[in-house]
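Good morning, colleagues. Please look at the sequence and the structure on the screen, and I shall then take you through the strands and what surrounds them.

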Amino acid sequence: MIEITEASIRDLMDLRRLEQACFDLDAWPLLDLAGVLSLPGIIRLRALVNGTWAGFIAAEVDAKKIGWITTLGVFPAYRRQGVARALLHACEAALLVSDIRLTLRAGNTGAIQLYNHGGYTVIDRWFRYYKDDEDGLVMRRLMAK
């Protein structure tokens with residue numbers, strides 16, 4: 001059973017382990033993780049599977065009223081079980097905007113497939129965006145009003 005709940009600063013060490021497991025070179029530093037769990041205006045949701053930390057998503061709305069998903073990660077043991085999809089849907093509902101965007105590695109085919117199935121399309125490519133010079137794809141979903 002997947003349970004989506006709001007994350008808090010108490011989740012800092014779980015989030016740190018998740019970042020390291022999912023993003024390796026691109027993992028956020030501890031200070032950024034503390035910020036995403038405590039700063040105002042950020043949607044931060046965690047997924048629990050049978051009470052165990054399985055994933056996390058964060059997003060915020062910019063000055064142009066565009067929702068930006070800033071991170072979405074699921075521990076490898078919980079992938080392909082609907083955790084990412086459940087986090088994505090809960091985050092989209094919480095954003096309350098019609099334009100939602102995110103950036104991901106151009107080579108992350110699993111995530112691209114997840115977002116394509118969720119109604120996202122590629123709208124831009126940011127060349128050499130990641131630390132290892134891999135391109136980032138900007139994807140967008142227009143939500144029904």
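I begin in the middle of the fold, where β4 and β5 pair in the parallel sense, with 3 bridges between them. Please bear in mind throughout that this is a predicted model. One of the pairs to look for is Gly-67, whose bridge partner in β5 is Ile-100. The connection also has a defined hand: β4, helix α3, which covers residues 83-95, and β5 form a right-handed β-α-β unit.

On another side of β4 we find strand β3, residues 52-61. Here the two strands run antiparallel and are joined by 7 bridges. Within this pairing, Phe-56 stands opposite Gly-73 of β4. The hairpin of β3 and β4 has 5 residues between its strands, and there Lys-65 adopts a positive phi near 65°.

Let us now step back to the whole sheet. In general, strands of a sheet pair through backbone hydrogen bonds, in either a parallel or an antiparallel manner. This sheet is open, has 7 strands in the order β1-β2-β3-β4-β5-β7-β6, and shows mixed pairing. Its edges are formed by β1, residues 2-6, and β6, residues 121-126; each has a single partner strand, so one side of each is left without a neighbour in the sheet. On average, neighbouring strands are turned by 25° against each other, direction ignored.

At the β1 edge, the partner is strand β2, residues 42-49; the two run antiparallel and are joined by 5 bridges. Glu-3, for instance, stands opposite Leu-48 in β2. Helix α4, residues 109-117, packs on the sheet and touches β4 (67-74), β5 (99-105) and β7 (136-142). The direction of this helix makes about 165° with that of β5.

How much of β4 is covered? Most of this strand is, since 6 of its 8 residues are buried.

I close with one residue of that strand, Thr-71. Is Thr-71 buried or exposed? Its relative accessible area is 7%, and the cut-off for buried is under 20%, so Thr-71 counts as buried. Which residues surround Thr-71, leaving aside its neighbours within four places in sequence? Thr-71 is in contact with Glu-19, Phe-23, Trp-28, Phe-56, Ile-57 and Ala-58. With Glu-19 there is also a polar contact between the two side chains, at 3.4 Å. Phe-56, as we saw, is the residue that stands opposite Gly-73 in β4.

Thank you for your attention.

Key. Residues numbered from 1 in each chain as written. Predicted model: local features only at pLDDT ≥ 70, side-chain atom pairs only at ≥ 80, totals over all residues. Heavy atoms only, no water. Pairing = 2+ DSSP bridges. Helix = DSSP H or I, 4+ residues; strand = E, 2+ residues; numbered from the N terminus. Axes fitted to C-alpha atoms, helices over the stretch in contact; angles between N-to-C directions. Contact = heavy atoms within 4.5 Å. Buried < 20%, exposed > 50% of the residue type's maximum accessible area, 1.4 Å probe, protein only. Right-handed = clockwise from strand over helix to strand, strands pointing away. Polar contact = N/O pair within 3.5 Å; in protein donor to acceptor, adjacent residues only side chain to side chain.
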